[in-house]
Amino acid sequence: MTVRRFQQLCIALLVATVLVIVWGAFVRVTGSGAGCADHWPLCNGELVPRAPKLQTLIEFTHRVTSGATGLLTLAVFFFARRLFPAGSPVRRAALISLVLMILEGAIGALLVKRGLVVKDASAERAFVVGLHLCNTFLLLAAQVLTLHFARDGVVPRWSSRALPLGLCFLVALCLGATGAITGLGDTLFPAASLQEGFVQDLSSSAHFLVRLRIYHPALAVLGGALIVYIAQYLRGLTSSQQVARWAWALTGLYLLQLSVGALNLYLLAPAPIQLTHLFLADMVWLSLVMLAVHALAEEPQPSLASAAS
């Protein structure tokens, strides 16, 4: 295994993880979460289900691809230790990826074993779904950083820019978690029309998942505006082309994400739009991670006063 091959392995892992995430959402929107009943890691008590129904095929495919991604994660961790010296950020990022991948599988198993699938509309499921999304985001961050460091990318260090970036990450995690819960509400309590959906959202007698749906769009507009503002603010602090590139990428992707979110709301959350919305959320998150890495690696430019002195 060469370093170049290792980089390609990291890319394959990142792509595979994104595809597994999107397919996981497809499992939810098709109501296939119980396709393997409450068995885990087996499917309906079998290693390979015989004469499976469509829901079983969808869920089983998700499990197989998740398992393959887990093996890729283990391979990245193994070769990171063989190719890079002790103390290397590649090693640390690969280790964090492995830990988060194990946790990702454990959360998925929890959803299945506790029956938090299909028509379950409990607060426990909403909490676990939000937690699942946050762990997914952190996993993607660890994976993209493994690739970045393997390419001899810059290493971030603490500076005053960490505070606004930390706020961006907090807002992004809240957006992701509320988005996942909103998607769950859309799946379990679909509205027949846009007007009916608004009436349900504002009704005090509606299920809490329905009433929560109104908060995600508002948070998406306000929180998104804050993230874009901070990204452009950081771009103005440095002449780094990488910071500028990722700031503009983040801005463009977020505006596209917001547009798809509005379309998702208008069309009453059809499955293809929901999946596209989730995919773009992953891309926005990865752009934010890369912006943070480059912004924190840049030396702060001296102010006019300090330069004059």
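# A tour from the H1–H2 loop to the aromatic cluster

Start by selecting Pro41, which lies in the loop between H1 and H2. This is a predicted model. Look at the bond leading into the proline: the peptide bond from Trp40 to Pro41 is cis, with omega near 5 degrees.

Stay in this loop and select Ala37, which also sits between H1 and H2. Check its backbone. Ala37 is not a glycine, yet its phi is positive, at about 60 degrees. Ala37 counts as partly exposed because its relative accessibility is 30%. Both stops go against the general trend: most residues other than glycine have a negative phi, and most peptide bonds are trans.

**Into helix H2**

Now select residues 54-83, which make up helix H2, and pick out Thr69 within them. Is Thr69 buried or exposed? Thr69 is buried, because its relative accessible area of 3% falls under the 20% limit. Show what surrounds this threonine. Beyond its neighbours within four places in sequence, Thr69 is in contact with Leu13, Ala16, Thr17, Val20 and Met101.

**Across to helix H1**

Next, select Ile21 in helix H1. Ile21 counts as buried, since its relative accessibility is 13%. Which residues does Ile21 touch, not counting those up to four places away in sequence? They are Thr136, Leu140, Leu278 and Asp282. Draw a line from Ile21 to Thr136. Their C-alpha atoms are separated by 7.9 Å, although the two residues are 115 apart along the chain.

**The largest nonpolar core**

Move on to Leu140, one of the residues just listed around Ile21. Its contacts, leaving aside neighbours within four places in sequence, are Leu14, Thr17, Val18, Ile21, Asp282, Trp285 and Leu286. Thr17 is therefore a meeting point on this route: Thr69 contacts it, and so does Leu140.

Leu140 also belongs to the largest nonpolar core, which has 50 residues. Select Leu140, Leu209, Ile227, Leu250 and Trp285 together; these touch the most other members of the core. Then colour the helices that supply at least two residues each:

- helix H1 (3-29)
- helix H4 (123-150)
- helix H5 (162-188)
- helix H8 (215-237)
- helix H9
- helix H10 (271-297)

Which helix gives the most to this core? H10 does, with 13 residues. A second core is separate from this one and has 13 residues. To find it, select Phe6, Leu9, Val76 and Val90, which are among its members.

**The aromatic cluster**

How many aromatic pairs does a search of the whole structure find? It finds five. Two of them are the next stops.

Select Phe137 and Trp285. Their rings are stacked, at 4.8 Å centre to centre with 20 degrees between the planes. Phe137 lies in helix H4 and Trp285 in helix H10, so this pair ties together parts that are 148 residues apart in sequence. Phe137 counts as buried, at 3% relative accessibility. Trp285 counts as buried as well, at 3%.

Keep Trp285 and add Phe169. This pair is edge-to-face: 5.3 Å centre to centre, with 70 degrees between the planes. Phe169 is in helix H5 and Trp285 in helix H10, so the link spans 116 residues of the chain. Phe169 is partly exposed, with a relative accessible area of 22%. Show all of these rings at once: Phe137, Phe169 and Trp285 form one aromatic cluster.

**Out to the surface**

Switch to a surface view. Select Leu194, Phe198, Leu263, Leu265, Tyr266, Leu267 and Leu268, which make a nonpolar surface patch of about 610 Å². Two elements give two or more residues to the patch: helix H6 (194-202) and helix H9 (241-266). H9 gives the most, with three residues.

Pick Leu194, in helix H6. This leucine is partly exposed, with a relative accessible area of 30%.

Finish at Leu268, in the loop between H9 and H10. Leu268 counts as partly exposed, at 33% relative accessibility. Check its backbone too. Phi of Leu268 is near 65 degrees, a positive value in a residue other than glycine.

Methods:
Residues numbered from 1 in each chain as written. Predicted model: local features only at pLDDT ≥ 70, side-chain atom pairs only at ≥ 80, totals over all residues. Heavy atoms only, no water. Helix = DSSP H or I, 4+ residues; strand = E, 2+ residues; numbered from the N terminus. Buried < 20%, exposed > 50% of the residue type's maximum accessible area, 1.4 Å probe, protein only. Contact = heavy atoms within 4.5 Å. Patch = residues over 30% accessible without salt bridge, like charges linked within 9 Å, V, L, I, M, F, W, Y side chains within 5 Å. Areas by Shrake-Rupley, 256 points an atom, 1.4 Å probe, with all protein chains shown as cover. Salt bridge = Lys/Arg side-chain N within 4 Å of Asp/Glu carboxyl O. Core = buried A, V, L, I, M, F, W, Y, C linked by side-chain atoms within 4.5 Å. Phe/Tyr/Trp six-rings, centres within 6.5 Å; stacked < 30°, edge-to-face > 60°.
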